[in-house]
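I opened my notebook to look up one chain, from the whole fold down to a single residue. My entries follow.

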Amino acid sequence: MRSGSEEMNTVKMAMESKEWFISAYAPEGIPTSDHLKLRAAKIPVAAGSIADRHVALEMLFVSIDPFLRSRMTGREDGLYSPQFDLNQVVTAFGIGRVVASTDDKYGKGEIVTGPFLPVAEYCVVPSDFIIRKIEPTGDIELPDYLSCLGVPGFAAWLGIEVLGEPKAGTNVFISAAAGGVGMYAGQLAKLRGCRVVGSTGSDEKVILVKEEFGYDEAFNYKKETDLDAALRKYFPGGIDMYLDNVGGKMLEAVLNHVNRGARISLCGMISEYNKVWTEREGVRNLLNMVGKEVRMEGFMVGSPSHLVRFGDFAQQMEGHLRQGKIRSKHKIYHGVESFLESLQSVFSSSNMGKVIIQVKPL
């Protein structure tokens, strides 16, 4: 017969958790509850009940990024992201607190971050899924490790600092300027001494990027629907560098206003994610790239050739953040139950800044 303390320890070895999984692929449109579902699960959280070189985590924050959508289509095209298996728990960039560990590198209570953490309250993952420990300090908040110091910040840094390399005094255009990538891209370009203009989906966001992120100009593409006229107005001297987050008609319009030798960094094309390729907006003026000798390059932050730069990025961005040269804005959803709502919000104009779920109170 077991003692009461033994029974209590047995109970604590498995925690009640909630987790999101994919029940059906969504080849078109925004995923709904027909595709993504929440279920209860029991997760082993004691060192004696998890495999070697694994960590049990209590999830604190989950990053909601547009590229997650590309892993739910059931096909590999566009971003060529590996698809989630049906009934698989959805994974994302996240932050968790170590509950138990079978890897000496990680101890109970430490806060860690990784790119493939389940959208759940608790989880057990291989320790090599962890990319860094986080030492909580007063000058950097935990959500910043999923925004400025996470995927959006790294994407902005690669697009501007590595691929774009705009020179001081040149004209830079950023689409989706109030989004997770756009807000940092514009600020990085300003730090290089550029004139920066952004496009957004609301008047409120126009004010945000100008007043909080230092953009020189911005316009609401839903009001200024003639994109050629808008770009002619805001770039009388032409565009020297463009960070593309939307694709489609905006990219086509930009190619009519690029200067000779312009650079275009293709970070994402959110306007096309919810369509099959035959329904996506075509770009009809690629010939302009030849005549203007434009360099256009797509990039993925997870590519080995870029990941080797993550240390350089983190060091530089942490410096900017601590010196107050970079500002962030977060849209925080609360509770793991909000995952579907938060993912859907990324494809509307309702959010300002980086979308993050706070799974558990700190």
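I started with burial. Of the 362 residues of the chain, 52% count as buried. I keep in mind that this is a predicted model.

Next I looked up the surface. The chain has an accessible surface of about 16100 Å². Carbon and sulfur atoms make up 52% of that surface.

Then I went through the secondary structure. I found ten helices and 15 strands in the chain. The radius of gyration is 22 Å, and the globule rule gives 21 Å for 362 residues. Those values are close, so the chain is as compact as a globular protein of that length. I also noted the span of the C-alpha trace along its principal axes, about 85 × 45 × 35 Å.

I turned to contacts along the sequence. I took the contacts with a separation of 6 or more. Residues 24 or more positions apart account for 68% of them.

I checked the charges too. The chain has 41 positive and 44 negative charges. Their mean positions lie 3 Å apart.

Last, I picked one residue, serine 265. Where does serine 265 sit? I found it in strand 12, which covers residues 258-266. Is serine 265 buried or exposed? Its relative accessible area is 1%. Buried means under 20%, so serine 265 is buried.

I then listed what touches serine 265, leaving aside neighbours within four places in sequence. Gly159, Leu163 and Gly164 are among its contacts. Met241, Tyr242, Leu243 and Asp244 are also in contact with serine 265. Glu297 and Phe299 complete the list for serine 265.

Note on methods. Residues are numbered from 1 along each chain as its sequence is written. This is a predicted model: local features need pLDDT of at least 70, side-chain atom pairs count only at pLDDT 80 or more; totals for chains, interfaces and linings use all residues. Side-chain values use heavy atoms; hydrogens and water are left out. Helices (H or I, at least four residues) and strands (E, at least two) are DSSP runs, numbered from the N terminus. The radius of gyration is taken over C-alpha atoms; the globule rule is 2.2 Å times the number of residues to the power 0.38. Buried means under 20% relative accessible area, exposed over 50%, partly exposed in between (1.4 Å probe, protein chains only). Contact means heavy atoms within 4.5 Å. Accessible areas come from the Shrake-Rupley method with a 1.4 Å probe; for residues, only the protein chains shown count as cover. Lys and Arg count as positive and Asp and Glu as negative; His and the chain ends are not counted. The place of a charge is taken as NZ of Lys, CZ of Arg, CG of Asp or CD of Glu.
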